[in-house]
Amino acid sequence: MRKKPATVRIARWSATHSWTAIGLWIAFVVLCLFLGGAAGTNKISDDESGVRESGRAGKIVASGDFTEKAEENVLITAESGGALDKQTAQKAAADVQRRMKALDGVESVGDPVPAPNGKALLVPVVMKGDTENADTRVQPLLDASAAAEKDSAGLRIEQVGTGSTAKGLSETLGEDFKKAELISLPLTLLILLVVFGAIIAAGVPVLLAMSCVGAAIGLSTLASHVLPETSAVTNVILLMGMAVGVDYSLFYLKREREERKKGKSHIDAIEIAAETSGHTVVVSGTTVIVAMAGLYLANEPTFASLATGSIIVVAVAVLASLTVLPALLGKLGNWVDRPKVPFLWRLTMRSGDSRVWPVLLKPALSKPWLTLIVSVGAMVLLALPALDMKLKQPGSDDLSRDIAVVRAMDRLTDAFPSEGTVHQVAVRVPAGEAAQAKTALNKLLDRADKDERFAHDQKPTIKESENHRVFTVNVGTPYQPKSDEAKESLDVLRAWLPQAMADVPEAEHGVGGKVAQGVDFTDHLQERMPWVVGFVLLLTFFTMMLIFRSLAVAVSAILLNLLSAAASFGVLAAVFQHTWAESLLDFHSTGAVVSWLPLFLFVVLFGLSMDYHVFVVSRIREAALQGTSIKEAVREGITKSAGVVTSAAIVMVGVFAIFGTLSMVEFKQLGVGLAAAILLDAVVIRIFVLPALMTVIGKWNWWPGRVSSAGRHGPTSTGSGDDLPGQPQAQQQPQYAQFAAQQQGYQQRPAQQQGYPQQQPSHQQGYQQQGYQQQPEHYQQPYQQQPPLPQRDSSRPDYYQ
């Protein structure tokens, strides 16, 4: 007796021990959240996140152990935006000083600093404590500024600083994600209601996905103590978790329902779903995980953090699909299809072949060359804007101007440029060289003071470490971080610094700051991208070769995924590098795409696209193994898989598109890029490009493997794919009738003699070839004169579907 696959054994245990499996899953999720909360998050520090010269500068500054204080700037401007009345402004500044000095959380308050243009007055404030949780302690200062503004008619009094900026941005993002959750959950439920036509069936995938997200967030928090975490990880976990969690559950539920519809008991239906869709989930999840691991080759902490979070949530989603999902289905039984939504229920339970998909596939099957040329040409046209894609790191100029603190930052940097875009010069010298280092830095600052590419509203201050070995100074520039002028000022400063430090022996130096980090990060990615892309392409090739034993399928999978990724990059560049979509998506175009996004999108899309590609091509090969022509195999395979693939794609597009409504432009770009890629993949690739390509290739689709024209073990076809004779299906062959009669007699034997947990209806024998192979000799003997039945070979793709 063949040992059943692990997915089946796990599913059967879970289905027959439902409460135990459900209890263990709940305990697992709670434990992950508890341990994650107790351990806390280890964030990526500035000195860990940099690469190249900016990374070196960050490490130099970190080695100086400078005491960082949470600094706040109270900005006083006229409501009209014009020049300040000096007497009124000074009175307001004195009121602000008095209020701030009275607060327990304030360490010091500086004298008012007038702006060179006469339009602003700045009151510097230093808070007690470090910068780590300044946003939670800044509210009393914000209240004091608001009270001072209330008592100062005609003046605008705002606060910008370490705590106030973090608080304003986090509150805005928090509201964004609450809105996204409020939209995504009902939208996902609505889509699943249309798919299943029953409320419980629609709710199970959403419930499972949410539990996966919760467990993954807790586990990623623990993992952050090994690999520090970036702030975007939680958002990526939510995005990926909802997408793959619902996707995997959808595959499983659809197959389980299909088997129950055929008359299987709910336990047998769960076993079959585990053996087919469950195995597909494992293959798909493993592919996504290994693809995401390619991000580690970027050799950068942010990508390592994103890879870790994504890998964790996908692994948890696979685990949930194999364990708690069968347990829920085992406990619910037929109740999973209750309460039924009348119209939708009848729609989902319609019998017969689809009328829509054969019509959609007609162009690709009747005129494959023309369809292939037109569809690929359309995708290439979409991809063309990607040739002009510009990559830059996100900065303050990417933030929505609807955020109050962002508008205050704009007014602050307009009045005091040195408070805006800043280059950080860092120097480390041997002991005893402090005097020479300070002299060299002062010469550098004097040179910058005479150059219009740098800010001159305030004189830069050199900071010296306690051991007199590390020095740092901020040099401002009056330009936006992403401007070409800001980059030019960085290049100039980087050229001047080595010249200034030439006479200081063994001096280490570098220029960091936001502009430098963005430039270095983009250059680093361009250098590392071939390694990551090569890894993912090789992985995809070998995975498809392993599953299908076909060079054509493996190469076409790579080409089609590259085509959909390139088209999505073209959409990104067309939307976000120009201004035509600003009002539609509510963003301010900076003429660039966030630098980390293309590489991350590429890896994610290759992983997710494998879900659909493996599923669809397996169905096509399964039909080809039955002896149909390549055209009929493509039509049958895509038609049979269309419901699941379309449903999963709609869920993913819906979840991803919601991220396009968030305030941060990097999340807008992430959502639009993923949604566009999945939509193009599900519509253009699956309906036009893939069927047309496979029809054109014909019999070579399966080379160097073989596809029988009369069944899996019949003679190998030597004709073209279109000329394969249409052999009768197994059910129509004479020997099958004899086999079925024997099977019917066998099905009437007691269940314990058959090796099955319970007696099954006789009309199920078509699936139970394995049972036939296990019959006593006198049941098998009459049939042995016929061609042998195919064994269920787990290395064949049709086995999984």
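Is phenylalanine 541 buried, partly exposed or exposed? With a relative accessible area of 21%, phenylalanine 541 is partly exposed, because buried requires a value under 20%. The points below place this residue and others in what is a predicted model.

1. Overall composition. The protein chain contains 30 helices and 11 strands. Of its 801 residues, 53% count as buried. When contacts between residues at least 6 apart in sequence are considered, 77% join residues at least 24 apart.

2. Aromatic pairs. The structure has 7 aromatic pairs. One of them joins phenylalanine 541 and phenylalanine 542: the ring centres are 5.5 Å apart and the planes stand at 75°, so the arrangement is edge-to-face, the angle being over 60 degrees. Phenylalanine 542 has a relative accessible area of 53% and is therefore exposed, the cut-off being over 50%. Tryptophan 596 and phenylalanine 600 also form an edge-to-face pair, with 5.8 Å from centre to centre and 65° between the planes. Here tryptophan 596 is buried at 6% relative accessibility, and phenylalanine 600 is buried at 1%.

3. Helix H23. This helix covers residues 597–625. Its 29 residues should span 42 Å at 1.5 Å a residue, and the end C-alpha atoms lie 41 Å apart, so the expected and modelled spans agree. H23 nevertheless bends by about 30° at methionine 610. Because 28 of its 29 residues are buried, H23 is largely enclosed by the rest of the structure. Just after the helix, glycine 627 adopts a positive phi of about 105°.

4. Nonpolar cores. The largest nonpolar core comprises 164 residues, and those with the most contacts inside it are Phe303, Phe600, Phe656 and Ile678. Beyond its neighbours within four places in sequence, isoleucine 678 contacts Leu605, Leu608, Tyr612, Ala649, Met652, Val653 and Phe656. A second core, separate from the largest, has 26 residues, among them Leu441, Leu490, Val511 and Ala516. As general background, nonpolar side chains in soluble globular proteins tend to be buried together.

5. Positive phi outside glycine. Most residues other than glycine have a negative phi. Two exceptions deserve inspection here. Asparagine 299 has a positive phi near 55° and is located in the loop between helix H11 (266–293) and helix H12 (301–322). Its relative accessible area is 54%, so asparagine 299 is exposed. Histidine 468 has a positive phi near 60° and belongs to the loop between strand S8 (463–464) and strand S9 (470–477). At 44% relative accessible area, histidine 468 is partly exposed, because that value falls between the limits of 20% and 50%.

6. Cysteines. How many disulfides does the structure hold? The number of disulfides is 0. Cysteine 32 has a relative accessible area of 4% and is therefore buried. Cysteine 212 is likewise buried, with a relative accessible area of 1%.

Note on methods. Residues numbered from 1 in each chain as written. Predicted model: local features only at pLDDT ≥ 70, side-chain atom pairs only at ≥ 80, totals over all residues. Heavy atoms only, no water. Helix = DSSP H or I, 4+ residues; strand = E, 2+ residues; numbered from the N terminus. Expected span 1.5 Å × (residues − 1). Bend = angle between axes of the 7 residues up to and from the residue. Buried < 20%, exposed > 50% of the residue type's maximum accessible area, 1.4 Å probe, protein only. Disulfide = S-S within 2.5 Å. Core = buried A, V, L, I, M, F, W, Y, C linked by side-chain atoms within 4.5 Å. Contact = heavy atoms within 4.5 Å. Phe/Tyr/Trp six-rings, centres within 6.5 Å; stacked < 30°, edge-to-face > 60°.
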